Amino acid sequence: MANEVAQIQAQVADIQQRLLAGKLFRTLPAELGQLMANAPELPATPIEEPHDDLAALARIHAIGKRIKAAKEPTVTDVELEFMLAHLASTSPAVRDKGVFFLLNDLLQVGALADDQLRMVFTRLQAPDILYAHILEPENDAVFLRSFAVMILSVLTYADSHQYHLFSEAEYHTLVLRLTAYIVMEKDGRGYVAKKGWAHTYVHIGNALDELTNVEFLQRGEKILLMAAVIEGWQRIDTPLVYGEDQRIALYLTNLAAKHEFYANSLVMCLTHWQQKVQKMRPRESIRFWNRWYNRDRLLSGLLMRGDLPQVVVDYLQKILDFY
């Protein structure tokens, strides 16, 4: 899979460079959409998952207890590596209420040194984590991918409000890698029985919302992410009914409200979507109707926002009359 992922990353980098150079704008949604349409589906391969739930929970609780009792809390690199590895767990007690909660606690008490923060930030963007089995049929590696995105959003928030550690170049790279992730991610599951939250599009919304406030980023990069999430949403075959519509609507509204350029860019992306919808014919398939009502929920979620710029409200009212 490494070659296919590298090729998609290179294509995203080319789009990013042309967009920032002013050589691409109105065709951005179409180019991203074509890239998504051409992404291959590879055969399933074995997934490496931790199977030590009881031992992992005991270790997580021990680290948490030690941190709460310490006047100057610290954590070792080995402990951090253990935590990141267990984001791949299919146990919600280990992955979500365990590792994720513990990492949040560590950030709040300042237990990570600068080099450790950068290590976690970089490691979560590595292909074996962020793109784990991403081009394969629906699989349990979605938990690792999705929680990597969620923690990247937490790190972005922490850096913006407290640490001020990551460089302009590191944020440019993050935009590239997250855009490639959105291009490739087709698993839209919310809550998975016995395995807990996957919630890819909620976590994407969290990450992109934090990036709207990063001053290092150029307008073009924020538009790149906006266009990617709208194009990606259109290609999710499962019902996005676990709050994803509200989360993405909040992100899009927050960005659009920052400047009329973003509001007009959102209308541009929605117009491209509408042009495709007008050419559609209903099909007797669950895939078609899931995608159709995913669209309906997102547009309705946007229209319900009281802080959405008027230019977007006017456009939504016009196109919702279409159906």
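This is a chat about the fold, the aromatic pairs and two buried residues of a predicted model.

Trainee: Before we dig in, what kind of model is this, and how are the residues numbered?
Mentor: This is a predicted model, where local features need pLDDT of at least 70, side-chain atom pairs count only at pLDDT 80 or more, and totals for chains, interfaces and linings use all residues. Residues are numbered from 1 along each chain as its sequence is written, and side-chain values use heavy atoms, with hydrogens and water left out.

Trainee: Cool. How many helices and strands are there?
Mentor: The protein chain has 15 helices and two strands. Those are DSSP runs numbered from the N terminus: H or I of at least four residues for helices, E of at least two for strands.

Trainee: And how compact is the chain?
Mentor: As compact as a globular protein of that length, because its radius of gyration is 20 Å, close to the 20 Å that the globule rule gives for 323 residues. The radius is taken over C-alpha atoms, and the rule is 2.2 Å times the number of residues to the power 0.38. Along its principal axes, the C-alpha trace spans about 60 × 40 × 40 Å.

Trainee: What share of the residues is buried?
Mentor: Buried residues are 56% of the 323. Buried means under 20% relative accessible area, exposed over 50%, and partly exposed in between, with a 1.4 Å probe and protein chains only.

Trainee: What about contacts between residues far apart in sequence?
Mentor: Of the contacts with a separation of 6 or more, 76% are between residues 24 or more positions apart. Contact here means heavy atoms within 4.5 Å.

Trainee: Switching to aromatics, how many pairs are there?
Mentor: The count is 15 aromatic pairs. Rings of Phe, Tyr and Trp (its six-membered ring) pair if their centres lie within 6.5 Å; planes under 30 degrees apart are stacked, over 60 edge-to-face, and the rest tilted.

Trainee: How are phenylalanine 25 and phenylalanine 261 arranged?
Mentor: They are stacked, at 5.8 Å centre to centre with 25° between the planes. The two residues are 236 apart in the chain: phenylalanine 25 is in the loop between α1 (2–20) and α2 (28–38), and phenylalanine 261 is in helix α13 (residues 260–277). Phenylalanine 25 is partly exposed at 26% relative accessible area, and phenylalanine 261 is partly exposed at 27%.

Trainee: Then why is the pair of tryptophan 197 and tyrosine 242 called edge-to-face?
Mentor: Because their planes are at 85°, with the ring centres 5.7 Å apart. Tryptophan 197 is in strand β2 (residues 196–197), while tyrosine 242 is in the loop between α11 (219–233) and α12 (244–256). Both are partly exposed: tryptophan 197 at 30% and tyrosine 242 at 38%.

Trainee: Which residues make up an aromatic cluster?
Mentor: Phe121, Phe166, Tyr171 and Phe216 form one.

Trainee: New topic: is serine 89 buried or exposed?
Mentor: Serine 89 is buried, at 1% relative accessibility. Its place is the loop between α4 (77–85) and α5 (92–108). Leaving aside neighbours within four places in sequence, serine 89 is in contact with Pro50, Asp53, Val94, Arg95 and Phe143.

Trainee: And where is alanine 180?
Mentor: Alanine 180 is in helix α9 (residues 168–184), and is buried at 0% relative accessibility. Not counting residues up to four places away, alanine 180 touches Gln9, Val12 and Tyr131. The C-alpha atoms of alanine 180 and alanine 13 are 8.7 Å apart, although these residues are 167 apart along the chain.
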